[in-house]
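The following dialogue shows a newcomer how to read several features of a protein model. The learner asks, and the teacher replies with the general idea and then the particular case.

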Amino acid sequence: MKKSNKIAILSEHQEEIVEIAEIIKSITSHSYQIYDFNRVDECIEFCKNRRVDLLLAHTSSLDIILQQRESLPDKNLEFILFSSSSKEVESGQNIFNIGALDLFRYPFNRDEIEFKLNRYINEYKNMVKDYNRTQKQLDRVTRISDRQQSELKDLNNELDRYKHHLEDKVEEGLLEIKALNREIEDTQKEVIFTMGAIGESRSKETGNHVKRVAEYSYLLAVKYGLSEKEAEMLKQASPMHDIGKVAIPDRILNKPARFTEDEFILMQRHTEFGFEMLKHSTRELLKTASIVAYEHHEKWNGRGYPRGLKGDEIHIYGRITAIADVFDALGSDRVYKKGWEDERIFTLFREERGEHFDPKLVDLFFENLEDILAIRDRFVDDGTE
Ligand SMILES: [Fe+2]
Ligand SMILES: [Fe+2]
């Protein structure tokens, strides 16, 4: 059964209500159910409690309708005004501005009322349909959006977890790389030191000799004004000063008697052998070691070997290692000699200032004698080697 459209008619004048109601009842294209009110408060009360499709109200009730409309469950109650005279409302424009759908002027025209009521009822119904459809779509979109929000949240959480995992991995990787680098550096130092020790052991030096030479060289390098990096480099490279001795035959190296001239010349070549062994490396440490091996027997006055370089021609690494090596060699016991007393060594150093040794380095040696002797005490030979 077709639902009838509920229309409320409000007017103080019953005859107006009757007239309009007669017209509406005669409309057959739609079914209308009419509720009539003479009092505004009764009409508003009714509209609050019942669904009313359309309100037809006399213009004299306009103010109170506008006031009360907000309190209605359906705030958009559609209404049409009617006036009992054609002059009562001056401008139709104002009627539309305050939300009325239309204005029926007196005398009422049946065709106009039928036409407009039908149109508004249809529009209103379509509007309700549209509204319901839109509301449903909105609900669906909201549901989808809720689901997407939750998925997005899950994704974000997942992403966060992944990010943390990645950060941990990177951290782990960095630690591993650091450990590896340290391992490589330590290995490198050890290899260099061992190589130096091999060279020294061939000539029956003690293991601590190279350690002491390294420490003396570092101290003198710092005092001379080399950078910390260069001083450290020299400290690590200086133990290799005699590496070239691996190429000297044992019978010469360990000869208990004096060398013949040929043997002495060959012996001196340990500097060149050492240089040849190391010079091809592009590593700074090994390059430093090659300089030390090559130049540690050069003398300030130009009478050293292998090239007879003089003064500043001798690399500072060579000059420093020379003084460190000689100081330690003279003071140590060897199979063929006892170590010299300190005073004898100091006397020699004073004599060799500007001869064998760089004068500035000799000065630095004496200025820092206490530290140098402390190094000697720290790496004292235990007599087992
Ligand atoms: Fe040497
Ligand atoms: Fe040495």
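**Reading the model: a dialogue**

A: Let us begin with a single residue: Pro107 lies in the loop between E5 and helix H5 (110-202). Please bear in mind throughout that this is a predicted model.

Q: Is the peptide bond from Tyr106 to Pro107 cis or trans?

A: As a general idea, most peptide bonds are trans. In this case the bond from Tyr106 to Pro107 is cis, and its omega is near -5 degrees. Another cis peptide bond leads from Tyr305 to Pro306, with omega near 10 degrees. Pro306 belongs to the loop between H11 and H12.

Q: Which domains does the assignment give for the chain?

A: The domain assignment gives domain 1 (5-108) and domain 2 (190-378). The centres of domain 1 and domain 2, taken over C-alpha atoms, are separated by 119 Å.

Q: How should one read a sheet, and what is the order of the strands in the open sheet of five?

A: In general, the strands of a sheet pair through backbone hydrogen bonds, either parallel or antiparallel. Here the five strands follow the order E2-E1-E3-E4-E5, and their pairing is parallel. Strand E2 (32-37) and strand E5 (102-104) each have a single partner strand, so they stand at the edges and one side of each has no neighbour in the sheet. On average, neighbouring strands of this sheet are turned by 25 degrees against each other, direction ignored.

Q: How many bridges join strand E1 to strand E3?

A: Strand E1 (residues 5-10) and strand E3 (residues 54-58) run parallel and are joined by four bridges. Within this pairing, Ala8 stands opposite Leu55 in E3. Helix H1 (residues 14-25) packs on the sheet, where H1 touches E1, E2, E3 and strand E4 (79-82). The direction of H1 makes about 180 degrees with that of E2.

Q: How are two packed helices described, and at what angle do H10 and H11 pack?

A: Two packed helices are described by the angle between their axes and the distance between the axes. Helix H10 (residues 270-278) packs with helix H11 (residues 284-295) at an angle of about 165 degrees, and their axes are 7 Å apart. H10 and H11 are therefore roughly antiparallel to each other, and their crossing is left-handed. Thr271, Gly274, Phe275 and Leu278 in H10 meet Leu286, Ala289, Ser290, Ala293 and Tyr294 in H11. By class, this contact has six nonpolar, three polar and no charged residues.

Q: Where H11 meets H12, which residues take part?

A: The axes of H11 and helix H12 (residues 316-331) come within 8 Å and cross at roughly 60 degrees, which makes H11 oblique to H12. This crossing is right-handed. From H11, Thr288, Ile291, Val292 and Glu295 meet Tyr317, Gly318 and Thr321 in H12. The contact comprises three nonpolar, three polar and one charged residues.

Q: What angle do H7 and H11 make when they pack?

A: Helix H7 (residues 228-237) packs with H11 at about 65 degrees, with their axes 9 Å apart. That makes H7 roughly perpendicular to H11, and H7 passes H11 in a right-handed crossing. In this contact, Met233, Leu234, Gln236 and Ala237 of H7 meet Glu284, Leu285, Thr288, Ala289 and Val292 of H11. By class, the residues divide into six nonpolar, two polar and one charged.

Terms used
Residues numbered from 1 in each chain as written. Chains lettered and ligands numbered in written order. Predicted model: local features only at pLDDT ≥ 70, side-chain atom pairs only at ≥ 80, totals over all residues. Axes fitted to C-alpha atoms, helices over the stretch in contact; angles between N-to-C directions. Parallel < 35°, antiparallel > 145°, perpendicular 65-115°, else oblique. Left-handed = near helix turned anticlockwise from the far one by under 90°. Contact = placed C-beta atoms within 7 Å. Nonpolar A, V, L, I, M, F, W, Y, C, P; charged D, E, K, R; others polar. Domains from an automatic or database assignment. Pairing = 2+ DSSP bridges.
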